[in-house]
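This briefing covers two topics: the protein surface beside a DNA strand, and the packing of a pair of helices. Please consult the sequence and the structure shown here while reading.

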There are 2 protein chains.
Amino acid sequence: MAEQVTLADVAHWAGVSLATASRALHGAGGRTVRPDLRARVLAAAAELDYSPNANAQAIVRGSTSTVGLVVQDLGDPTGAAVAAGVMAAASERDLIVTVAATGFDPALQIRHVEALRRQRARAIILAGARFADPETTDRLADELRGYGVGGGGLAVIGRPGLPAPTVVTDDVGGSRRLALALHGLGYRRFAVLTGPEDLLTAEDRVSGFLDGLAAVGTTVPDEDVLSAAVTRDGGYAAMTELLDREEIGNGTGTGTGSDGKLLVFAVSDTMAVGAMAAARDRNIRIGPDLALAGFGDTPALRDVRPGLSTVRLPLVDLGRWAVDLALPGHERPGSSADPEAPPLMSTPADVVLRESTPPVPG
Amino acid sequence: MAEQVTLADVAHWAGVSLATASRALHGAGGRTVRPDLRARVLAAAAELDYSPNANAQAIVRGSTSTVGLVVQDLGDPTGAAVAAGVMAAASERDLIVTVAATGFDPALQIRHVEALRRQRARAIILAGARFADPETTDRLADELRGYGVGGGGLAVIGRPGLPAPTVVTDDVGGSRRLALALHGLGYRRFAVLTGPEDLLTAEDRVSGFLDGLAAVGTTVPDEDVLSAAVTRDGGYAAMTELLDREEIGNGTGTGTGSDGKLLVFAVSDTMAVGAMAAARDRNIRIGPDLALAGFGDTPALRDVRPGLSTVRLPLVDLGRWAVDLALPGHERPGSSADPEAPPLMSTPADVVLRESTPPVPG
DNA sequence: CTGTTAGCGCCTTCAG
DNA sequence: CTGAAGGCGCTAACAG
């Protein structure tokens, strides 16, 4: 087994002391090392193909240069967009990003935060996926708190309520506005495709949507709120189930059913795309026969046709802002603010209407 | 600034020695610590909210539990799919994944490998993005070699040629077969949307495609091979440029132009989707008016309509296999094999024909 | 079984 | 400006 080259080797090879080698290499605080020695050290390092041990540096410096991102699913375009934002912002600060996917498992979420904490990550960004279960939430909050007192930067994207600075997404308001806009278009009959019922973000979007409808005197029967995994396949499955029992006009261009054209609201664009595929597989045209809306305006999904009406979340910026929040300027975090009343940053959530929800004639 | 709790604190609080505390906590090699002491240590750790310093562990163990993935762009569904595979495989081995995006910058690629090497990552997976520039390639090879002798696991996804085990994608063969299949469908007029000319993977796909066509006596004029960024927007731009000067039937359903319907081959599905959007914006129907094919069969893009003809790469599995290759069983890597003749693993690349390339009538 | 003692690779006072 | 020495947090031989 090949041995690693250490700083001592370099120093020895260059004929200087360990300290000098160290100074020459990462030359902190002005060039306080004689040029010729410095050159010798550099040459030695190059010759020996020296690679400084970041772990050793971390242990003595007390901090690393990695920021950890915990996301639900990188395969999902939504998660990927947030990750892209985080990575861009991190890269500007010369930080490395560690990504972990929880796959909707709350326990995994906690484990990943633990791991990041152990690595002494400079910051942790927790994206989405809050669960209703109070026990795991408490565990998570504890872990976050522990990490915070350790001096790590922290930010959460999504729903407020965790002891950390949060980039708040207006899930409730956005869905509510969507409902109103859709009602304004003439829709009166609705169904909802949501996630598992303990997924708070999905829950918020559903309640916002139903609230908005209620405000204009419309309700959605309970059995028309279907839950499934918040994935493309979940959307497909839920839509299939819905289609199995609803009456949808196919080919008339007007829509039928008991009371006008049905509008299906999927709580995420990803689910909506799955739903779209399910409809297509039954020769039901999205737009003319059945209307569909999603949530997120995921960039990678903007090319879907017909264009998907949705609520625009600045996904990439969410990632950027989260690292801004987690790693503020050069101040020491955690010293000034009350950790129990962390800063919140609100973000827009505007309705975007496209062809998947054409105005209802008449 | 809050102090971190160390193992010494825990040991002290529990009234035991450092060594005992260590043993009790990560209890390696059978329970060799008295239950009551063990309990006291655990209690102390919990009470103090102790979080072991992974860096310190790494430095003494000589190895970490992170695998680094270097990919072009996580925002691109292709990169995301590979990442998903890597993360799944890593998770099975209890490893954490660090993801870095190079954004098509060869220098960044090297910097990321350097960083991973410094962190003493357990393995490095380099996905795609090989450049023609010999200097950066050499630098990269050096870095990889240095990392390899340090005992790190290593795997490359894509084109062989780097001093590392490689999961080889059959870009040349796949494109070639695609060309033949398309010719078999009746197409005789082609254009190609490729990446920057120093991007080897793109280059391979183009040459495979042209080769295939040449084998059946068809050629593509140089000016009909357009290059742009290998992104959705790059595809859009290149297609727009192409459309500005080609004659495409629009609405006749038969296609026109000088010699039958044009088929556009984009070297990646992502580009193809952009190209599709460009065509749509000009009311040119993909399928009836103009045919389009991509490469990769990116899972997230399978719902695109009309279905995109492409060459299927097992993207997610590519990621999985790469970690298998980088972290073989329990053998010591690097001791047996010749590093200059690293193992190669071939993968399928089958043609998938969908609606975007209907058979040409007549 | 438990405690003491070396390091691991590096940075950083502290004297020269 | 340079070198020697101490310590970061932890594990792994060693003794007891």
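Which residues around DNA strand D come nearest? In this predicted model, they are Thr20(A), Arg34(A), Leu37(A), Leu7(B) and Tyr50(B), out of 24 residues around the strand. Of the atoms of DNA strand D that come within 4 Å of the protein, 71% belong to sugar and phosphate.

**Polar contacts with DNA strand D**

- The side chain of Arg23(A) places an N or O atom 2.9 Å from a base nitrogen of DNA strand D.
- Arg34(A), one of the nearest residues, has a polar backbone atom 2.7 Å from a phosphate oxygen of the strand.
- In chain B, a backbone N or O atom of Asn53(B) is 3.1 Å from a phosphate oxygen of DNA strand D.

**Make-up of the surface near DNA strand D**

- Two or more residues each are given to this surface by α2 (18-26) and α4 (54-61) of chain A, and by α2 (18-26) and α4 (54-61) of chain B.
- The surface comprises 14 nonpolar, seven polar and three charged residues.

**Packing of α8(B) and α9(B)**

- Helix α8 (residues 171-185) of chain B packs against helix α9 (residues 200-215) of chain B at an angle of about 40°, and their axes are 7 Å apart.
- The two helices, α8(B) and α9(B), cross in a right-handed manner.
- On the α8(B) side, the contact residues include Val172(B), Leu178(B) and Leu182(B), while those of α9(B) include Arg205(B), Phe209(B) and Leu213(B).
- By class, the residues of this contact are eight nonpolar, five polar and five charged.

Methods:
Residues are numbered from 1 along each chain as its sequence is written. Chains are lettered from A and ligands numbered from 1 in the order in which they are written. This is a predicted model: local features need pLDDT of at least 70, side-chain atom pairs count only at pLDDT 80 or more; totals for chains, interfaces and linings use all residues. Side-chain values use heavy atoms; hydrogens and water are left out. A residue is near a molecule or strand if one of its heavy atoms lies within 4 Å of it. A polar contact is a pair of N or O atoms within 3.5 Å; within protein, one must be able to donate a hydrogen and the other to accept it, and residues adjacent in sequence count only if both atoms are side-chain atoms. Helices (H or I, at least four residues) and strands (E, at least two) are DSSP runs, numbered from the N terminus. Ala, Val, Leu, Ile, Met, Phe, Trp, Tyr, Cys and Pro count as nonpolar, Asp, Glu, Lys and Arg as charged, and the others, Gly among them, as polar. Axes are lines fitted to C-alpha atoms, for helices over the stretch in contact, and angles run from 0 to 180 degrees between N-to-C directions. A crossing is left-handed if the near helix is turned anticlockwise from the far one by less than a right angle, and right-handed if clockwise. Contact means heavy atoms within 4.5 Å.
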